[in-house]
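This report walks through one protein chain. Keep the sequence and the 3D view open while reading.

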Amino acid sequence: TYKIGALVKYRCERGYKIEGDPLSTCEDNGKWSGQTPQCIYVDCDVPVAPAHGKFTLASNATYYGAVVLYECNENFELDGFARRLCLDNGTWSAETPVCKEVVCKEPEKEGGVIVQVSTFSIGGVAHYSCPKGHIMQGNSTRICQKKGTWSGYIPTCIPVDCHMPPSIENGRIIVMNDSTTYNSGAEYHCIPQYQRIGPYLRKCMENGTWSGDEPRCEMTTPPSTESQTLGLTIGIGAGVLLFLLLILGIIYLRLRKETPVKNTENIEGALRKEDENAAVMSYSNLTDGQGQNIYENIHEPEEMYDAPYEDTSHYEPSPISRRSNGGATVTINGVALR
């Protein structure tokens, strides 16, 4: 029994919730106030499906303790809890999950590898390429998979190598900078008396081969007999001509040495000396009327005069003229004086 004024509170079992006023008071008339509340099942109602996804009720019910499962469409992944419970307060546990598109990250690359991606979504293709002069080792394409990863492995680029060209007979090969990679050069040389047939320089191409055809060294063709005879004749003629020119030059030099060259002073002195000799000789030819030399009877000591003009051999005495009247005539430098 309850006393007047007693207060009671109604509560439902787990999985149920009370409907109505849970409190009631014992009134003076011996009755409880209000209406007796009801206990009904707890219902969390139908959950909301996420975008690009769906849910499934495990027991096909939404009452207390029911379970809802979530999943996403293809190429989408769930972000949140995939399982939710109906709580006794009539709500679903946690938050509604979200479906996000599955995408791949930026593909990895090493060294000088170049990559271009069509799309980062599932099924997207990453195209790999190498710079000029390199070849790829590995797959040139990778595909974005459902798990958001790229298929295969990262390719690498290695330099093109044409390797050392084969040696040639009667010649040698000089590889520039000791490198046989892309754009390197190789020079071809032949030994003496051999000529090169083919290119002088070959380059390593991007396909890994040397450019042009491989040259060869062939012996040079000896000159013909006629050419040798002509060359010999020309050589002999040139030798004879040089010899004659040498002889003429020696004769010319000797003739120049035998002809003395006098300077102006010596010439003028010789002319004065010749004039003096002419005057003396003219005086020595003085004659009297009978044709006798007037100096023949004059006797002087031998040491009184010197004879500076005895060596004048080129002098020609002037002609001696005689007058009919028998008078004495003096001739000086060809001029007759009385």
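What share of contacts in the protein chain between residues at least 6 apart in sequence join residues at least 24 apart? The share is 37%.

## Overall make-up

The model is predicted. Its protein chain has two helices and 21 strands. Of the 338 residues, 22% count as buried. Five salt bridges turn up in a search of the whole structure.

## The sheet of strands 10, 11 and 13

Three strands form an open sheet in the order 10-11-13. The pairing is antiparallel. Strand 10 (114-117) and strand 13 are at the edges. Each has a single partner strand, so one side of each is left without a neighbour in the sheet. The twist from one strand to the next averages 20°.

Four bridges join strand 10 to strand 11 (residues 125-129). One pairing can be named: V115 has Y128 of strand 11 as its bridge partner.

## R142, a buried arginine with a partner

R142 lies in strand 13 (residues 141-143). Is R142 buried or exposed? Its relative accessible area is 5%. Buried means under 20%, so R142 is buried.

R142 has many contacts beyond four places in sequence, including G124, V125, A126 and Y128. W150, S151, G152, Y153 and I154 are also among them. Y128 is 14 residues from R142 in sequence, and their C-alpha atoms are 8.3 Å apart.

E108 is another residue that R142 touches. The two form a salt bridge, with the closest N and O atoms 3.4 Å apart. This pair links distant parts of the chain: E108 is in the loop between strand 9 (98-101) and strand 10, whereas R142 is in strand 13, 34 residues apart. A polar contact of 3.4 Å also joins the two side chains. E108 is partly exposed, with a relative accessible area of 43%.

## The sheet of strands 15, 16 and 18

A further open sheet has three strands in the order 15-16-18, with antiparallel pairing. Strand 15 (171-175) and strand 18 (201-203) stand at the edges. Each has a single partner strand, so one side of each lacks a neighbour in the sheet. Neighbouring strands of this sheet are turned by 25° against each other on average, direction ignored.

Five bridges join strand 15 to strand 16. Three bridges join strand 16 (residues 185-190) to strand 18. Along that second junction, A186 has R202 as its bridge partner. G185 stands opposite K203.

## E187, a buried glutamate without a salt bridge

E187 lies in strand 16. It is the bridge partner of I174. Which side chain of opposite charge is nearest to E187, and how far away is it? It is R172, at 7.8 Å. A salt bridge needs the charged atoms within 4 Å. E187 is buried yet has no salt bridge.

Its side chain does make polar contacts. One is with the side chain of H189, at 3.3 Å. Another is with the side chain of Y200, at 3.2 Å. Leaving out residues up to four places away in sequence, E187 touches R172, I173, I174, M176, Y200 and L201.

## Two more salt bridges

Side chains of opposite charge can pair when their charged atoms come close. E71 forms a salt bridge with K54, the closest N and O atoms being 3.6 Å apart. E71 lies in strand 6 (residues 67-72) and K54 in strand 5 (residues 53-57), so the pair ties together parts 17 residues apart in sequence. Both ends are partly exposed: E71 has a relative accessible area of 39%, and K54 has 45%.

E74 forms a salt bridge with K146, also with the closest N and O atoms 3.6 Å apart. The pair links distant parts of the chain, 72 residues apart. E74 is in the loop between strand 6 and strand 7 (76-79), and K146 is in the loop between strand 13 and strand 14 (156-159). E74 is exposed at 58% relative accessibility. K146 is exposed too, with a relative accessible area of 58%.

## S24, a buried serine

S24 is in strand 3 (residues 23-25). It counts as buried because its relative accessibility is 3%. A polar atom of its side chain lies 2.8 Å from the backbone oxygen of S33. Beyond its neighbours within four places in sequence, S24 is in contact with A6, L7, V8, Y10, W32 and S33.

Methods:
Residues are numbered from 1 along each chain as its sequence is written. This is a predicted model: local features need pLDDT of at least 70, side-chain atom pairs count only at pLDDT 80 or more; totals for chains, interfaces and linings use all residues. Side-chain values use heavy atoms; hydrogens and water are left out. Two strands pair if DSSP finds at least two bridges between them. Axes are lines fitted to C-alpha atoms, for helices over the stretch in contact, and angles run from 0 to 180 degrees between N-to-C directions. Buried means under 20% relative accessible area, exposed over 50%, partly exposed in between (1.4 Å probe, protein chains only). Lys and Arg count as positive and Asp and Glu as negative; His and the chain ends are not counted. A polar contact is a pair of N or O atoms within 3.5 Å; within protein, one must be able to donate a hydrogen and the other to accept it, and residues adjacent in sequence count only if both atoms are side-chain atoms. Contact means heavy atoms within 4.5 Å.
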